[in-house]
Amino acid sequence: MNAWAGAALALYLAWAGTAFGVRAAMQRRRTGDAGFRGISGRPGTASWWAGVLFVTALLLGAAAPAAALAGLSGLPGTGDVTVRGAGLLLTVAGMTFTLAAQTNMGASWRVGVDSGERTTLVTGGLFAHVRNPVFTAMVFTAVGLALMVPNWIAVLGLIALTAAVQLQVRVVEEPYLSTVHPDAYGAYTARTGRFLPGIGKRPV
């Protein structure tokens, strides 16, 4: 149990540090801007909740393996090594695709949305297959970590992340992109799935 929890914590910290810290440093060096835009909207709005849930999910992602190392028991019937091994593979795959999708975004990479900002619409690389590959990869990473360290904190983190992603995409990012790139984004959403290939296309 402790070996799996230790591996999960190490992977999570490496992933979070690279996906946010290293990526932000690279962005600043490339563009002069780290890319952080913070939480959108007024407190209590759907867009505000998206940001709060996202931060909560990130904290719970680290807390789950840390709590397991401190002695928190896993959920009943979740100790199978095959399940934990599958979680490890899914975690590594999710981490890899998160970083690949961030790289595909180039100078358009941001954490959060500034409604007054105009960035290039990215439709190449992984974005040619799904509109939100970074978020898809992050959820897969969280699923993998929850399988590696299957306790109630990991489950809450996965729920918080899934809710945050759905709110952020549907309430914040899609309206923003529809305003900034009305024709191009409309055509893009008509041919490309929201989180999975072919699923969630928007009619023309």
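Okay, let's start with the overall layout: reading along the sequence, the protein chain goes α-α-α-α-α-α. That comes to six helices and zero strands. And since we're looking at the shape, the radius of gyration is 17 Å, close to the 17 Å that the globule rule gives for 204 residues, so the chain is as compact as a globular protein of that length. The C-alpha trace spans about 50 × 35 × 35 Å along its principal axes.

Keep in mind that this is a predicted model. How confident is the predictor? The chain averages a pLDDT of 92, and 99% of the residues score at least 70. If you go element by element, helix 1, which covers residues 2–31, has the lowest mean pLDDT, at 92. Helix 4 has the highest, at 96.

A couple of words on packing. Of the 204 residues, 41% count as buried. Then take the contacts between residues at least 6 apart in sequence: 79% of those join residues at least 24 apart.

Now for the holes, beginning with the enclosed space. How many cavities of 30 Å³ or more does a search of the whole structure find? Just one. The volume of this largest cavity is about 190 Å³. There are 20 residues lining it, and the ones nearest its centre are Tyr12, Ala57, Gly61, Ala142 and Leu145. Helix 1, helix 2, helix 4 and helix 5 are the elements that give two or more residues to that lining. Helix 2 gives the most, with six. As for chemistry, the cavity lining has 17 nonpolar residues, three polar and no charged ones.

Next, the open spaces. The largest pocket holds about 800 Å³. It has 40 lining residues, and the closest to the centre are Arg110, Val111, Gly112, Phe135 and Glu173. Which helices supply at least two residues each to this lining? Those are helix 2 (46–69), helix 3 (81–105), helix 4 (133–148), helix 5 (152–180) and helix 6 (182–191). Helix 5 gives the most, with seven residues. By class, you get 23 nonpolar, 11 polar and six charged residues around this pocket.

The second largest pocket has about 240 Å³ of space. Here 14 residues make up the lining, with Phe97, Leu126, Val130, Pro133 and Thr136 closest to the centre. Helix 3 and helix 4 each put in at least two residues. This lining divides into 11 nonpolar, three polar and no charged residues.

Let me finish on one residue, Phe135, which we met a moment ago close to the centre of the largest pocket. It lies in helix 4. Is Phe135 buried or exposed? Its relative accessibility is 13%, and the cut-off for buried is under 20%, so Phe135 counts as buried. What does Phe135 touch, leaving aside its neighbours within four places in sequence? The contacts are Phe54, Val165, Gln168, Val169, Glu173 and Phe195. Glu173 should ring a bell, as it was also on the list of residues closest to the centre of the largest pocket. For a sense of distance, take Phe135 and Val180, which are 45 residues apart along the chain: their C-alpha atoms are separated by 21 Å.

Conventions. Residues numbered from 1 in each chain as written. Predicted model: local features only at pLDDT ≥ 70, side-chain atom pairs only at ≥ 80, totals over all residues. Heavy atoms only, no water. 1 Å grid on protein atoms, 1.4 Å probe; cavity = no way out; pocket = protein on both sides within 12 Å on 5 of 7 lines; lining within 4 Å. Points joined across faces, edges and corners; volume = space filled by probe spheres on them. Helix = DSSP H or I, 4+ residues; strand = E, 2+ residues; numbered from the N terminus. Nonpolar A, V, L, I, M, F, W, Y, C, P; charged D, E, K, R; others polar. pLDDT = per-residue confidence, 0-100. Rg over C-alpha atoms; globule rule 2.2 N^0.38 Å. Buried < 20%, exposed > 50% of the residue type's maximum accessible area, 1.4 Å probe, protein only. Contact = heavy atoms within 4.5 Å.
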